[in-house]
Amino acid sequence: MPSGIMLFAECRQGQLRKVTLELAGRGSELAAQRGEPLIAALLGQGVGPLAEALGQAGVDRVVVADHEALKDYTTDAYSRVMTDVVRAWDPAVVLFGATAIGRDLAPRVAARLGVGLASDCVALDLDAGKALVVKRPLYAGKVMATVGGFSRSPAMATVRPNVLTPAVPQPGRRAEVVEFSPRFGPEDRRTAVKELVAAAGEVVDLAEADVIVSGGRGLKAPENFRLIEELARALGGAVGASRAAVDAGWIEHSHQVGQTGKTVSPTLYVACGISGAIQHLAGMSSSRCIVAINKDPEAPIFKVADYGIVGDLFQVVPALTEEVKKLRAG
Amino acid sequence: MVVLVKHVPDTEARIAVAGGGRSISEEGINFVLNPYDEFAVEEALRLKERLGGQVTVVTLGPERAKEALRTALAMGADEAVHLRDDALEGGDALSVSVALARALKDIPFDLILCGKQAIDDDSCQVGPRVAELLGIPQVTVVTKLEVDAAARTARAQREMDGYSEVVETPLPALVSAQKGLNEPRFPSLPGIMKAKRKEIKTLNLASLGLDASQVGRAGQGAEVQALEVPSRARRGRILTSDPPAAAAELAALLRGEAKVL
Ligand SMILES: Cc1cc2nc3c(=O)[nH]c(=O)nc-3n(C[C@H](O)[C@H](O)[C@H](O)COP(=O)(O)OP(=O)(O)OC[C@H]3O[C@@H](n4cnc5c(N)ncnc54)[C@H](O)[C@@H]3O)c2cc1C
Ligand SMILES: Nc1ncnc2c1ncn2[C@@H]1O[C@H](COP(=O)(O)O)[C@@H](O)[C@H]1O
């Protein structure tokens with residue numbers, strides 16, 4: 001009988017990613033409802049010490065696969081080991097973050113196991129029979145689907161960062177730690193990471209950002225993104241953009257929010273000089289609090305906004321930056 | 001080279017849930033070649049122009065999905081294969097990839113290109129699943145691709161969260177396309193005329209040699225139990241006072257009422 005809920009503990013630079021703690025938070029609730037353990041699969045090199053934080057986050061058992069072949073993420077090696085860990089522990093549910101790594105790995109593991117996978121979920125639950133049932137957006141969020149009835153075990157899902165509440169660490173709580181010895185064949189080491197290419201400036205991880213300030217065509221010129229950056233810095237957030245701003249060459253595509261850009265759900269999303277085209281809304285309408293700054297009172301962005309200022313962004317944005325700084329200082 | 005393409009509602013489409021509540025109404029919707037698949041087709045054509053070879057586009061879908069193949073043919077693809085059978089319909093990424101992988105066993109390739117995601121189901125799964133079923137490596141969400149035909153390797157730059165990495169892979173491999181990979185060409189008029197006359201090879205369940213239980217709705221890994229159209233509208237508070245006053249009021253609201261500051 002499959003038993004337990006397993007999560008893939010994603011690390012970055014020796015730290016657990018935030019989404020892993022979010023999975024642990026919801027995962028431990030679901031595991032408790034099923035009366036089963038929450039298990040974390042922790043893959044990497046020298047990652048053992050992270051088991052402590054996982055234990056505090058509600059994980060009951062940490063399966064550690066520590067190997068030099070797992071130092072960098074590669075699809076081949078990680079899917080081999082993750083599949084073997086799942087087979088060894090036979091959990092009923094396996095969860096991943098819907099990150100660059102999770103989206104690459106989860107479908108590959110699901111295919112190897114011949115099971116279903118619900119991608120980019122925004123809610124996890126159990127049905128009357130205590131089987132996994134999820135909510136996931138389709139058509140860029142124009143429709144929300146309830147997906148369940150997984151035909152084979154385990155039921156697998158990737159979950160968007162920032163939608164689940166992260167586990168509150170319980171000091172002193174410990175997980176049982178189990179070593180797993182990975183085995184590799186030649187087919188498990190085909191690809192290799194040759195270099196890392198950092199984006200110009202600081203690393204933007206829009207998907208996990210808590211606050212995002214985005215600029216659109218209303219900024220009129222690339223140098224005016226400075227206003228957006230200053231507000232973002234004051235709020236401790238990241239910089240996003242509409243496609244119009246990206247297509248104009250004012251900012252890199254990695255900042256684009258929307259149907260053909262990133263899907264984000266920060267706590268606070270501030271749209272400046274963005275009209276609110278359906279493709280832009282597709283990427284940000286699940287944000288918790290949406291603020292729009294636009295000089296056109298008819299702009300569709302106001303329809304999805306919690307707060308809006310009708311006005312010239314060149315005056316409003318710097319004024320808002322000052323107000324935020326004042327509040328933060330006081 | 002093989003390119004996997006899907007026929008999907010365009011990004012402007014207003015989506016309504018059909019009676020029964022488990023599928024969408026296709027009425028009045030304009031279907032197009034999935035935008036990410038356009039990048040994949042374009043990249044295959046550029047590789048062909050540089051290194052030679054054939055570009056075969058493959059889709060699984062209802063009759064209308066032929067249009068996606070025609071668009072790709074009009075851009076310059078050489079051959080098109082349509083997996084078309086009622087038994088193949090209504091499936092998820094699991095059952096779709098089983099059928100696609102089976103079809104690909106009979107088409108020679110060094111490289112499979114696909115989109116990073118289809119903008120209807122947004123599942124981001126079919127590419128990796130097909131690669132797994134065929135036992136070949138994958139590089140997903142790629143913004144730059146170089147193929148070394150002599151060494152039979154490819155170097156692909158793939159987008160991670162906040163940075164990129166360059167991955168080297170032996171061929172054959174599967175690569176999924178992200179925006180930024182290239183600027184897709186528009187089909188030329190002669191291209192469109194030629195595409196109309198090209199034969200599209202059709203494969204059904206029997207010619208694929210699959211069992212109805214493996215594909216379509218019967219073969220899926222999980223089912224859609226309900227669909228709803230969420231309301232995006234929020235009860236927004238719109239401030240129209242002059243900028244400094246509005247900014248001060250907004251900051252206070254964000255802290256006091258919304259509790260996000
Ligand atoms: C296949 C496809 C995919 C797409 N994907 C995306 C996507 O992923 N993301 C995305 O964003 N778009 C996407 N789009 C594009 C989308 O349709 C819009 O064209 C785009 O979002 C518009 O960007 P914008 O709001 O910055 O520009 P505009 O629509 O031009 O709006 C500019 C806004 O700025 C306001 N403004 C101007 N000056 C000022 C000022 N001084 N002060 C205050 N406000 C001012 C104006 O009132 C206006 O509302 C896609 C389109 C297609 C066809
Ligand atoms: N029915 C299909 N026929 C052909 N290719 C598909 C099909 N579904 C998905 N794909 C390919 O897989 C990619 C990812 O799709 P998805 O996993 O549905 O998000 C798409 O961009 C296509 O290249």
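## Salt bridges and a shared interface in a two-chain model

Arg226(A) is partly exposed, with 45% of its relative area accessible. Its salt-bridge partner is Glu230(A), at 3.6 Å from N to O, and this pair is one small piece of a predicted model in which a search over all chains turns up 42 salt bridges. Eight salt bridges cross between chain A and chain B, where the two chains bury about 7,300 Å². Here's a tour, starting with the interface and ending with two single residues.

**Where chain A meets chain B**

- On the residue count, 91 residues of chain A are in contact with 80 residues of chain B.
- Carbon and sulfur atoms give 54% of the roughly 7,300 Å² buried between chain A and chain B.
- As background, an interface's size is often quoted as the accessible area that is lost when the parts come together.
- Polar contacts are part of the picture too: 49 residue pairs make them across the interface of chain A and chain B, counting pairs with both residues at pLDDT 80 or more.
- On the chain A side, helix 4 (residues 100-113) supplies the largest share of the residues touching chain B, namely nine.
- Sorted by type, the chain A side that touches chain B has 45 nonpolar, 23 polar and 23 charged residues.

**Salt bridges between the chains**

- The general idea is simple: side chains of opposite charge can pair when their charged atoms come close.
- Arg108(A) pairs with Glu132(B) in a salt bridge, and their closest N and O atoms are 2.8 Å apart.
- Arg17(A) and Asp161(B) form another salt bridge, again with 2.8 Å between the closest N and O atoms.
- This second pair runs from loop to loop: Arg17(A) is in the loop between strand 3 (15-16) and helix 1 (18-34) of chain A, while Asp161(B) is in the loop between strand 8 (153-159) and strand 9 (163-170) of chain B.
- Arg17(A) counts as buried because its relative accessibility is 6%.
- Asp161(B) is buried as well, at 12% relative accessible area.
- Arg17(A) and Asp161(B) also belong to a salt-bridge network, whose other members are Glu10(A), Arg12(A), Asp205(A) and Glu208(A).

**Salt bridges within one chain**

- Back to Glu230(A) and Arg226(A): both sit in helix 5 (residues 225-235) of chain A, and their four-residue spacing is about one turn of the helix.
- Glu230(A) is partly exposed at 31% relative accessible area.
- In chain B, Asp78(B) and Lys48(B) make a salt bridge with the closest N and O atoms 3.0 Å apart.
- Asp78(B) is in the loop between helix 2 (66-75) and strand 5 (79-83) and Lys48(B) is in helix 1 of chain B, so the salt bridge ties together parts 30 residues apart in sequence.
- Asp78(B) is partly exposed, with a relative accessible area of 23%.
- Lys48(B) is partly exposed too, with a relative accessible area of 21%.

**Chain B as a whole**

- Chain B contains seven helices and 13 strands.
- Its C-alpha trace spans about 65 × 45 × 40 Å along the principal axes.
- Of its 261 residues, 55% count as buried.
- Among contacts in chain B with a separation of 6 or more, 71% come from residues 24 or more positions apart.

**Glu43(B), a buried charge**

- Glu43(B) lies in helix 1 (residues 35-51) of chain B.
- Glu43(B) is buried but has no salt bridge, and the nearest side chain of opposite charge, Arg46(B), is 5.2 Å away.
- What Glu43(B) does have is a side-chain polar contact of 2.8 Å with Asn182(B).
- Beyond its neighbours within four places in sequence, Glu43(B) is in contact with Leu113(B), Leu145(B), Leu181(B) and Asn182(B).

**Val178(A), a strand residue**

- Val178(A) is in strand 12 (residues 176-179) of chain A.
- Its relative accessibility is 19%, and the cut-off for buried is under 20%, so Val178(A) counts as buried.
- Setting aside neighbours within four places in sequence, Val178(A) is in contact with Arg61(A), Val62(A), Val63(A), Val64(A) and Trp89(A).
- For a sense of scale, Val178(A) and Thr267(A) are 89 residues apart in sequence and 36 Å apart in space, C-alpha to C-alpha.

Terms used. Residues numbered from 1 in each chain as written. Chains lettered and ligands numbered in written order. Predicted model: local features only at pLDDT ≥ 70, side-chain atom pairs only at ≥ 80, totals over all residues. Heavy atoms only, no water. Helix = DSSP H or I, 4+ residues; strand = E, 2+ residues; numbered from the N terminus. Buried < 20%, exposed > 50% of the residue type's maximum accessible area, 1.4 Å probe, protein only. Contact = heavy atoms within 4.5 Å. Lys, Arg positive; Asp, Glu negative; His and termini not counted. Salt bridge = Lys/Arg side-chain N within 4 Å of Asp/Glu carboxyl O. Polar contact = N/O pair within 3.5 Å; in protein donor to acceptor, adjacent residues only side chain to side chain. Buried area = accessible area lost by both parts, 1.4 Å probe. Nonpolar A, V, L, I, M, F, W, Y, C, P; charged D, E, K, R; others polar.
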